[in-house]
Amino acid sequence: VLSRLVNSLYPDGSKPVKIPDAPPTMVFKQMEQIAQFLKAAEDYGVVKTDIFQTVDLFEAKDMAAVQRTLMALGSLAVTKNDGNYHGDPNWFMKKAQEHKREFTESQLKEGKNIIGLQMGTNKGASQAGMSYGRPRQIIS
């Protein structure tokens, strides 16, 4: 199922995972099929930290990691919007896109005259005159 899923995200003629006619019965072949899915997902653009390990699925050790991988793959497919994803785009969150901004020299110079809120200010509230509790008792 995973092999068919990842193959559906690629255009015809460039399917990354070879699907055998009959599902493999040998443990080694089944794990190899999962590893092929993971390689294809990584090649598609899923970040390595979002990809589960083969044993997570095969031995059902960490199904949450499997779900995270599928969600990351779906989000990437929706974000790419290359026409290969045919599901409901509302199922997945679209990843953030670059929004490049261009500023003129005069706009950049104007920005140097503004004091940002992170810089602090010399007006407004201060702690002058405040005291907390009793003053320190120094007895000699």
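Here is a short tour of an annotated domain and two residues, Gln33 and Asn84.

This is a predicted model, where local features need pLDDT of at least 70, side-chain atom pairs count only at pLDDT 80 or more, and totals for chains, interfaces and linings use all residues. Residues are numbered from 1 along each chain as its sequence is written, and side-chain values use heavy atoms, with hydrogens and water left out.

Let's start with the record. An unreviewed UniProt entry puts the annotation "domain: Calponin-homology (CH)" on residues 1-77; such annotations may be inferred rather than shown by experiment, and positions follow the numbering used here, with feature names shortened. Over that stretch, the chain is 58% helix and 0% strand, with 17 Å between the end C-alpha atoms. Helices (H or I, at least four residues) and strands (E, at least two) are DSSP runs numbered from the N terminus.

Now for the two residues. Both are judged by relative accessible area: buried is under 20%, exposed over 50%, and partly exposed in between (1.4 Å probe, protein chains only).

| Residue | Place | Relative accessible area |
|---|---|---|
| Gln33 | helix α2 (residues 27-44) | 17%, buried |
| Asn84 | loop between α4 (63-80) and α5 (105-111) | 16%, buried |

Leaving out residues up to four places away in sequence, Gln33 touches Ser3, Val17, Lys18, Ile19 and Pro20, where contact means heavy atoms within 4.5 Å. A polar atom of the Gln33 side chain also sits 3.2 Å from the backbone oxygen of Lys18.

Asn84, with the same kind of neighbours left aside, is in contact with Ser8, Leu9, Tyr10 and Pro11. Its C-alpha atom is 26 Å from that of Met31, 53 residues apart along the chain.

Methods:
Polar contact = N/O pair within 3.5 Å; in protein donor to acceptor, adjacent residues only side chain to side chain.
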